Each structure stands twice: as C-alpha cells, then as structure tokens.
Amino acid sequence: MALAAFTTAAPPGVDQEPAQRRKSGIALVLLLPGVLYLVLFFLTPLVSLIITSFQAPVEGGDIGQYQAAFRWENYTESIAEYWPQIIRSFVYALIATAAALLISYPLAYFIGVKVRRFPLVQNLLMTLVIAPFFISFLLRTLAWKQLLSDDSWFTSSLKALSILPPDAHITGTAFSVIFGLTYNFIPFMTLPLYSTLERLDTRLLEAGSDLYASAWTTFRKVTIPLSLPGIVSGTLLTFIPAAGDYINASQDFLGAADTSMIGNVIESNFLVLQNYPVAAAMSVVLMAVILVVVGFYVRRSGTEDLL
C-alpha cells in the first residue's frame, strides 16, 4: 500500500497549478468591473479630449462646428495666447498650497498628537475640520465673496481702522483668489497630515529630548521625516485641484479679468466661445504640466511609492 501511495502521488506543484489558475481567473473577474469603469469614465473621455484638441473649424460652417484633423496649431496658438493664465494658475496654486500647509500642519499636529489622550476632543476637532464638506463649494465661495465685498461690514471696518485705503478692494484681487483657494482646500491638506501624525510614535520625540536635542531639532530631524508621506499626499491633493480651479478666480466670485486662471479659460472656450479644440488643447496642456510637476516633486521627495 505504501508503494501504491508512492506511485500514485503527483509530483510537487502539479496539483497546485490548476488551483493557481483558478485564483488568477477569480482575480481577473474581480478586477474586471474596475477596469471597465476606468476605460469607460477615464480612458474614453481622455481619448475623446485629445481627438477634439486636434480638430479644425469647418470651412463656411457655423460657430462650434469642427471636423476631424491634425491641427497642432491649436496647441501652439493657445499657449501663445493664454500663457499668462497658465503661469498664474500654477503660481496661485503653489502659494495656496504653501499657505494651506503652514496652516494645516500645526492644526493636524495638535489634533493628532497633543490631544491624542482625549479621543472625544480629537473626534470633535476632526469633525470641525471636515464640516465645510457638508456645504457646497459654490456656497462657501459665494459667502466669502459677500464677506469680502466693498460694502460688507468686514471691509468697511478695515477701512475705518485705516488698515485699507478708502478706495481699496479685496475681491477681484490676487489676494482674494489665493485666499479662496487656501480656504477651500485646507481640509484636503489637513486630513492626510492628521492621518500620518496620529500614528506618530511620541516615544521618538521623547528620545530626542533625552539626547539633549532642542525642540526645533527634534521637529526637523524626527517629526518632519516621519510625517513626510502626509505632507506629500496633502500637497498633491491641494495643488492639483487648485491649479485647475475655475470658481475662486471667476469674476462671479472672488476674481476679476486680470486674475483669471487656466480653468476660467477652459470654461470660457467650452461654454461661451464654443471653441472646443482650444479648450481641449488647454485641458491636455494642464494635465500634462501637472503630471510632470507631480512626478518631479514625488521623485525629489523620495516617495515614489505614492505614484
């Protein structure tokens, strides 16, 4: 019987191959809905956008009529015409991201580290951080427009205290646009920072003090490196949507004609001018520049695993 068992036993690995194939098939079936979703709602619109960016106007056609072509001039002409808005978009987004980081890091550190012993207070503070999400983005920005308008009590008080000149304006300036971007995207910066700092081992901070390191040295050598994934995630979640934002810089909200960003250019060409190829070309340029900037930033920060 021992000989029979020996002769009928399969070589190692033979019985495992069908099981592995079945597991692979199950994994592919589970991945199929996600792949179809990405193809339908990401890849297909992206390909359509790229095709539209090369279209040419129909000769003798009406406004908004275009035909398939390979017109590279849509890119060169639009970049030459709208390069101030492109540069302004990334400058505003960079300043807003830096301001959001300066505000959010102390806030996230306080919630994630200092009040860790008080879960109720910690949860309450985190609720206050995400509370703006319960209100529409448009309504929040519109509220700030009313608060910063020339006839508001806030602006009138600043003028009465001679902090602002009598003929000064807050809305329609670069300050108001950057302020709106910073305010609206602070939760996107705070949440990743809190998620990282909440898991910070405070014994490492105590070890730094035991080794006679100053508070600033401990913060620079221990806290910041350990919270770097949260910093990178937060800055990406803030910078990317801020660069393409079109609400805060709109003349209907906090911006003016000389503070328009690339998002306003895309919106105007799509919805008002009906210049779909230029709008699509600007959209592709925006995505390409953001991809290059983000890739360079992530590699320089040493967190390639986030890509």
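Is S260 buried or exposed? Let us take that as our way into this predicted model. S260 sits in the loop that links α10 to α11, a place where one might look for either answer. With a relative accessible area of 12%, S260 falls under the 20% limit and is therefore buried. Leaving aside neighbours within four places in sequence, S260 is in contact with Q85, R88 and A249.

From that loop we can step into the nonpolar interior. The largest nonpolar core of the model has 34 residues, and those with the most contacts inside it are F90, L181, I262 and M282. Five helices each supply at least two residues of this core: α3 (73–114), α7 (174–197), α10 (228–243), α11 (262–272) and α12 (276–301). Of these, α12 gives the most, with eleven residues. Apart from this core lies another one, of 17 residues, which includes I111, V129, L197 and V222.

L181 is a good residue to click on next. Not counting residues up to four places away in sequence, L181 touches Y92, A96, A242, D245, N248 and M261.

Since α12 gives the most residues to the largest core, its partners deserve a closer look. Take α3 to begin with. The axes of α3 and α12 come within 10 Å and cross at roughly 50 degrees. That angle makes α3 oblique to α12, and α3 passes α12 in a right-handed crossing. On the α3 side, the residues in contact are N74, Y75, S78, I79, Y82, I86 and F90; they meet P277, V278, A281, M282, V284, V285, L286, V289 and I290 in α12. Sorted by class, this contact has 14 nonpolar, two polar and no charged residues. Both F90 and M282, named above for their contacts inside the largest core, appear in this list.

How are α10 and α12 oriented to each other? Their axes are 11 Å apart and the helices pack at an angle of about 165 degrees. An angle over 145 degrees counts as roughly antiparallel, so that is the relation between α10 and α12. Their crossing is right-handed. From α10, the contact draws on L228, I231, V232, T235, L236, F239, I240 and A243, while α12 brings L286, I290, V293, V294, Y297, V298 and S301. By class, the contact of α10 with α12 has 13 nonpolar, two polar and no charged residues. As you trace these lists along a helix, it helps to recall that an α-helix has 3.6 residues a turn, so residues three or four places apart point the same way.

Next comes α11, whose buried residues are I262, G263, N264, V265, I266 and N269. Which helices do the buried residues of α11 pack against? They pack against α3, α10 and α12.

Now turn to α5 (residues 137–148), which packs with α7 at an angle of about 140 degrees, their axes being 11 Å apart. That makes α5 oblique to α7, and α5 passes α7 in a right-handed crossing. Here F137, R140, T141, W144 and L148 of α5 meet F179, Y183, N184 and F185 of α7. The class make-up of this contact is six nonpolar, two polar and one charged residues. Another α5 residue worth finding is L142, which counts as partly exposed because its relative accessibility is 34%. L142 and I247 are 105 residues apart in sequence, with 9.6 Å between their C-alpha atoms.

Two loop residues round off the tour, and their backbones are a nice detail to check in a torsion plot. S162, in the loop between α6 (153–160) and α7, has a positive phi of about 60 degrees although it is not a glycine. At 64% relative accessibility, S162 counts as exposed. Q274, in the loop between α11 and α12, also is not a glycine and has a positive phi, of about 55 degrees. Q274 counts as partly exposed, because its relative accessibility is 30%. Set beside these two, S260 is the loop residue we started from, buried at 12% relative accessible area.

Definitions and conventions. Residues numbered from 1 in each chain as written. Predicted model: local features only at pLDDT ≥ 70, side-chain atom pairs only at ≥ 80, totals over all residues. Heavy atoms only, no water. Core = buried A, V, L, I, M, F, W, Y, C linked by side-chain atoms within 4.5 Å. Buried < 20%, exposed > 50% of the residue type's maximum accessible area, 1.4 Å probe, protein only. Helix = DSSP H or I, 4+ residues; strand = E, 2+ residues; numbered from the N terminus. Contact = heavy atoms within 4.5 Å. Axes fitted to C-alpha atoms, helices over the stretch in contact; angles between N-to-C directions. Parallel < 35°, antiparallel > 145°, perpendicular 65-115°, else oblique. Left-handed = near helix turned anticlockwise from the far one by under 90°. Nonpolar A, V, L, I, M, F, W, Y, C, P; charged D, E, K, R; others polar.
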